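Here are some short exercises to help you find your way around a new structure. Try each task on your own, then read through the worked solution.

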Amino acid sequence: MIKNKDIIWENFFKKEKKKDYFIKLIKKINIDIINNKIIYPKKKYIFHIFNKINFNKLKVVILGQDPYYGYNQANGLAFSVMPNVKIPPTLKNIYKALKFDISDFIIPKHGYLIDWVNEGVMLLNCILTVIKGQPRSHYNIGWEKFTDNVIRIINSNYNNIVFLLWGSYAKKKSILIKKNLILTSSHPSPLSFYKGFYFCKHFSKTNKYLIFHKKKPINWNINKIIFKKN
């Protein structure tokens, strides 16, 4: 095992950017932008999770599908929204399940999840971009290959990572994970929230696993943010 994981990820990005699928993927997004299609998240946030996560302290991976497609919501962190943006129903349900699971969790008044990232939680969408108002619009343009390779890198180079796979799409990624802990449930969206997610207790189970493996548990509470006026 390489102790400095940054080296692994630097090499990973260098290799992926040279591959045909990745070159075509970026070209497709640029063509959409040229054709006046609005892409979320903003270009500077597409790889936001990779810029913010400390790869040497990675403990948990939460897989999302594709970004929020509403105005100014997506910020490159799965399930998270920008400060000052109304909390989406799916994230509200995640908060509800957290409160059910961890009694001292305080439901925040915003949906910016950077505190989880700072705790070592990778909030990874399997598809990193979307066209405004068009969910699933960037499926099958290459993002799946990229994020599948991300999962493989984590599985190969880390021990005792918790993968939280919510919903049928995320569950399919379990075939890429040959070690580490996998926890699955229904998706936290309003359509499937009460089909298992609300009662899954993934957050306390994650912490019990980390403690068992002598890792610091995740503080799931989220700090208050001083909002700036728009």
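## Exercise 1: A residue in helix 2

Leu 25 counts as buried, because its relative accessibility is 0% and the cut-off for buried is under 20%. Keep in mind that this is a predicted model.

Task: find the element that holds Leu 25, then work out how far Leu 25 is from Ser 185 in sequence and in space.

Solution.
- Step 1: look along helix 2, which covers residues 20-34; Leu 25 lies in this helix.
- Step 2: go along the chain to Ser 185, which is 160 residues apart from Leu 25 in sequence.
- Step 3: take the C-alpha atoms of Leu 25 and Ser 185, and you get 31 Å in space.

## Exercise 2: Getting to know helix 6

Task: describe the length of helix 6 and decide why it can be called largely enclosed.

Solution.
- Step 1: helix 6 runs over residues 143-157, which makes 15 residues.
- Step 2: from its first C-alpha to its last, helix 6 reaches 21 Å, close to the 21 Å expected at 1.5 Å a residue.
- Step 3: look for buried residues in helix 6; among them are Trp 143, Phe 146, Val 150, Ile 153 and Ile 154. Polar or charged names turn up here as well, including Glu 144, Asp 148 and Asn 155.
- Step 4: 12 of the 15 residues are buried, so helix 6 is largely enclosed by the rest of the structure.

## Exercise 3: Rings that meet

Task: follow the aromatic pairs from Phe 12 to Phe 146 and say which helices they bring together.

Solution.
- Step 1: a pair of aromatic rings is described by the distance of the centres and the angle of the planes.
- Step 2: there are 30 aromatic pairs in the structure. One of them joins Phe 12 and Phe 13, with 5.6 Å centre to centre and 80 degrees between the planes. Planes over 60 degrees apart count as edge-to-face, and this pair is edge-to-face.
- Step 3: Phe 12 and Phe 13 are both buried. Phe 13 also pairs with Phe 146, at 5.8 Å centre to centre and 55 degrees between the planes, and this pair is tilted.
- Step 4: Phe 13 belongs to helix 1 (residues 5-17) and Phe 146 to helix 6, so their pair ties together parts that are 133 residues apart in sequence.
- Step 5: check the surroundings of both rings. Phe 13 is buried at a relative accessible area of 16%, and Phe 146 is buried at 0%.

## Exercise 4: How two helices cross

Task: how are helix 1 and helix 6 oriented, roughly parallel or roughly antiparallel?

Solution.
- Step 1: the axes of helix 1 and helix 6 come within 12 Å.
- Step 2: these axes cross at roughly 150 degrees.
- Step 3: angles over 145 degrees count as roughly antiparallel, and helix 1 and helix 6 are therefore roughly antiparallel to each other.
- Step 4: as for the hand, helix 1 passes helix 6 in a right-handed crossing.

## Exercise 5: Charges over rings

Task: which rings have the charged end of Lys 5 or of Arg 136 over them?

Solution.
- Step 1: start at Lys 5, whose charged end sits over the ring of Tyr 158, 5.1 Å from the ring centre.
- Step 2: move to Arg 136, whose charged end sits over the ring of Tyr 139, 4.3 Å from the ring centre.

## Exercise 6: Unusual backbone angles

Task: what stands out in the backbone at Pro 41, Asn 140 and Lys 201?

Solution.
- Step 1: most residues other than glycine have a negative phi, and most peptide bonds are trans.
- Step 2: Tyr 40 and Pro 41 are joined by a cis peptide bond, with omega about -5 degrees. Pro 41 lies in the loop between strand 1 (39-40) and helix 3.
- Step 3: Asn 140 has a positive phi, near 60 degrees. Asn 140 is in the loop between strand 4 (130-131) and helix 6, and is exposed with a relative accessible area of 70%.
- Step 4: Lys 201 is not a glycine either, yet its phi is positive at about 55 degrees. Lys 201 sits in the loop between strand 6 (181-185) and helix 8 (202-212), and is partly exposed at 37% relative accessible area.

Key
Residues numbered from 1 in each chain as written. Predicted model: local features only at pLDDT ≥ 70, side-chain atom pairs only at ≥ 80, totals over all residues. Heavy atoms only, no water. Helix = DSSP H or I, 4+ residues; strand = E, 2+ residues; numbered from the N terminus. Expected span 1.5 Å × (residues − 1). Buried < 20%, exposed > 50% of the residue type's maximum accessible area, 1.4 Å probe, protein only. Phe/Tyr/Trp six-rings, centres within 6.5 Å; stacked < 30°, edge-to-face > 60°. Lys NZ or Arg CZ within 6 Å of the ring centre and 35° of its normal. Axes fitted to C-alpha atoms, helices over the stretch in contact; angles between N-to-C directions. Parallel < 35°, antiparallel > 145°, perpendicular 65-115°, else oblique. Left-handed = near helix turned anticlockwise from the far one by under 90°.
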